[in-house]
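User: I am new to this protein and would like to be led through it step by step. Please take my questions one at a time and explain how each answer is reached.

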Amino acid sequence: MPGKVYGFEDCRVIAAKDPGAAIIIMNNDLQVIELTQHVSTYTAAIRVGHGPRSAVLISAYFKYNMHTHAFTDKLRAILECVSETIIGADTNGHSPRWYSADLNQRGRIVEDLIDDYNLSIINSPGHMDTYARRGMGSSNIDVTLSTRGMAGNIMGWLVSDVTDSDHRLLSYALDITISRTQESKRFDVGRADWDRFSQELARSILTVQTTAGLNAHASTLIGAITTAAKKAIPTRTGRRWNIKRQPWWTETLTSMRKRLNLAKRQGLMLHDRQAYNRLRNHYLQEIRSSKMTAWRNMSDDINVHTWGKPFKYAKNGPRVIGVTCSLSGADGTLTRTVDETIAVLLDTFVPADPDQVVSHIQLLIYNNNITPSFSIFSPVTVGRFFRFNS
């Protein structure tokens, strides 16, 4: 399946078909847009955050049997049109600049990219090597790069040996957050009382200021809509940052995973590889067995609940969590933010009405001598307005 990364089905995933690189978003509170023009088999790119508090994140894999220029040219094309960028790349290149013991041709090509765009190398000394494979040694070939303006926002770069991969986990903290005093909530429009909303809007619309300037006009109109919505539309808490446990997961698997991780921390993989492989293979076999048992139980459920989960799965297919992506506007340029994407969607699917058909919400505004001008709102505001008016 295009863009699917097994084990992260409940997360938003940015990846091409049969990807060599991917970005997985586990925090559902993050505002993310997929930069589709920069997503390819070996590269994934997103913009995370909003407005000035945003960054472009790039995941890249420099495949060992392809020329390094093929990948650095792709990164050059991205760096030419975006700023505030962080790159995480498996370069398969060596250079003392990211604390490899030697310098090879691949490393020289990556160094040229770094120098040409004045990139900062986030890798720091004093950590274990980023790559280690029994019989092949270890080295630093995984590199974290950033544009100069972003380097100061990256903290706590760390290499951890917490997975079964020969590439170790690289982690860091990125400060682009905006402080929030309370948990985000959304209007549950499916349970809205639209008659009451219309009544409340007719009252609150009187507070809209039309003579104090565009900003005051916009903010007071938004406030009027929000006030009416709070009185007529229930709210629900936004989805928390969590990864749901897979339906086939069992307590036995939890215990086996703990034992495997303990053995890895104690160095069993390095000192007795065969014993470690037996332990790991037993764990993987239990996963396959648990998945098969869950599948059989779901299949048997058809005889009891004909229209249950198996029917829904056969009808709708697997659930895919999408990511807002960049779109091409009327002038051919690609959107770079969520706001720009929403603006293109609204211009395409909710164009200006040539017949000037007046909706019941507009009548409430016009009857109170208020002339709305949606051009002064952000696309997100307009999108919310139309959702209320649906």
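User: In which helix does V110 lie?

Analyst: The model shown here is a predicted one, and the answers that follow should be read with that in mind. Within that model, the run of residues 105-116 forms a helix, and V110 belongs to this run, which is helix 2.

User: Is V110 buried or exposed?

Analyst: Leaving aside residues up to four places away in sequence, V110 touches F62, T68, T91 and W98. The relative accessibility of V110 is 2%, and since buried means under 20%, V110 counts as buried.

User: What distance separates the C-alpha atoms of V110 and V143?

Analyst: V143 is one of the residues of strand 10, where V143 and L145 make up one side. Along the chain V110 and V143 are 33 residues apart, while in space their C-alpha atoms are separated by 9.8 Å.

User: How many of the residues of strand 10 are buried, and which lie on each side?

Analyst: In a regular strand the side chains alternate between the two faces of the sheet. In strand 10, D142, T144 and S146 are on one side and V143 and L145 on the other, and both faces are covered. Strand 10, residues 142-146, is therefore mostly covered, because the number of its residues that are buried is five of five.

User: Which strands pair with strand 10 in the antiparallel sense?

Analyst: One partner is joined to strand 10 over five bridges, and this is strand 6, in which A89 stands opposite V143. Another antiparallel pairing, over two bridges, involves residues 120-121, and there I121 stands opposite L145. The strands asked for are thus strand 6 and strand 7.

User: What unit do strand 5, helix 1 and strand 6 make?

Analyst: Strand 5 and strand 6 run parallel and are joined by six bridges, with Y61 standing opposite D90 in strand 6. Seven of the nine residues of strand 5 are buried, so this strand is largely enclosed by the rest of the structure. Together with helix 1, residues 68-81, the two strands make a right-handed β-α-β unit.

User: Which residues are joined with E200 into one network of salt bridges?

Analyst: E200 forms a salt bridge with R196, with the closest N and O atoms 3.6 Å apart, and being four residues apart in helix 4 places the two about one helical turn from each other. R203 forms a salt bridge with E200 as well, at 3.3 Å between the closest N and O atoms, and these two are three residues apart in helix 4. Salt bridges that share partners extend this into one network, in which E200 is joined with R196, R203 and K231.

User: Why does the salt bridge between R133 and D166 tie together parts that are apart in sequence, and by how many residues?

Analyst: The side chains of R133 and D166 meet at 3.8 Å, N to O. R133 lies in strand 8 and D166 in the loop between strand 11 and strand 12, so the pair ties together parts whose separation in sequence is 33 residues.

User: Which residues make the nonpolar surface patch of about 290 Å²?

Analyst: One member, V350, is placed in the loop between helix 10 and helix 11. V350 has 36% relative accessibility and so counts as partly exposed. The residues that make the patch are L345, F349 and V350.

Technical notes
Residues are numbered from 1 along each chain as its sequence is written. This is a predicted model: local features need pLDDT of at least 70, side-chain atom pairs count only at pLDDT 80 or more; totals for chains, interfaces and linings use all residues. Side-chain values use heavy atoms; hydrogens and water are left out. Buried means under 20% relative accessible area, exposed over 50%, partly exposed in between (1.4 Å probe, protein chains only). Two strands pair if DSSP finds at least two bridges between them. A crossover is right-handed if, with the strands pointing away from the viewer, the path from the first strand over the helix to the second runs clockwise. Patches are made of residues with over 30% relative accessible area and no salt bridge: like charges are joined within 9 Å, nonpolar side chains (Val, Leu, Ile, Met, Phe, Trp, Tyr) within 5 Å. Accessible areas come from the Shrake-Rupley method with a 1.4 Å probe; for residues, only the protein chains shown count as cover. A salt bridge is a side-chain nitrogen of Lys or Arg within 4 Å of a carboxyl oxygen of Asp or Glu. Contact means heavy atoms within 4.5 Å.
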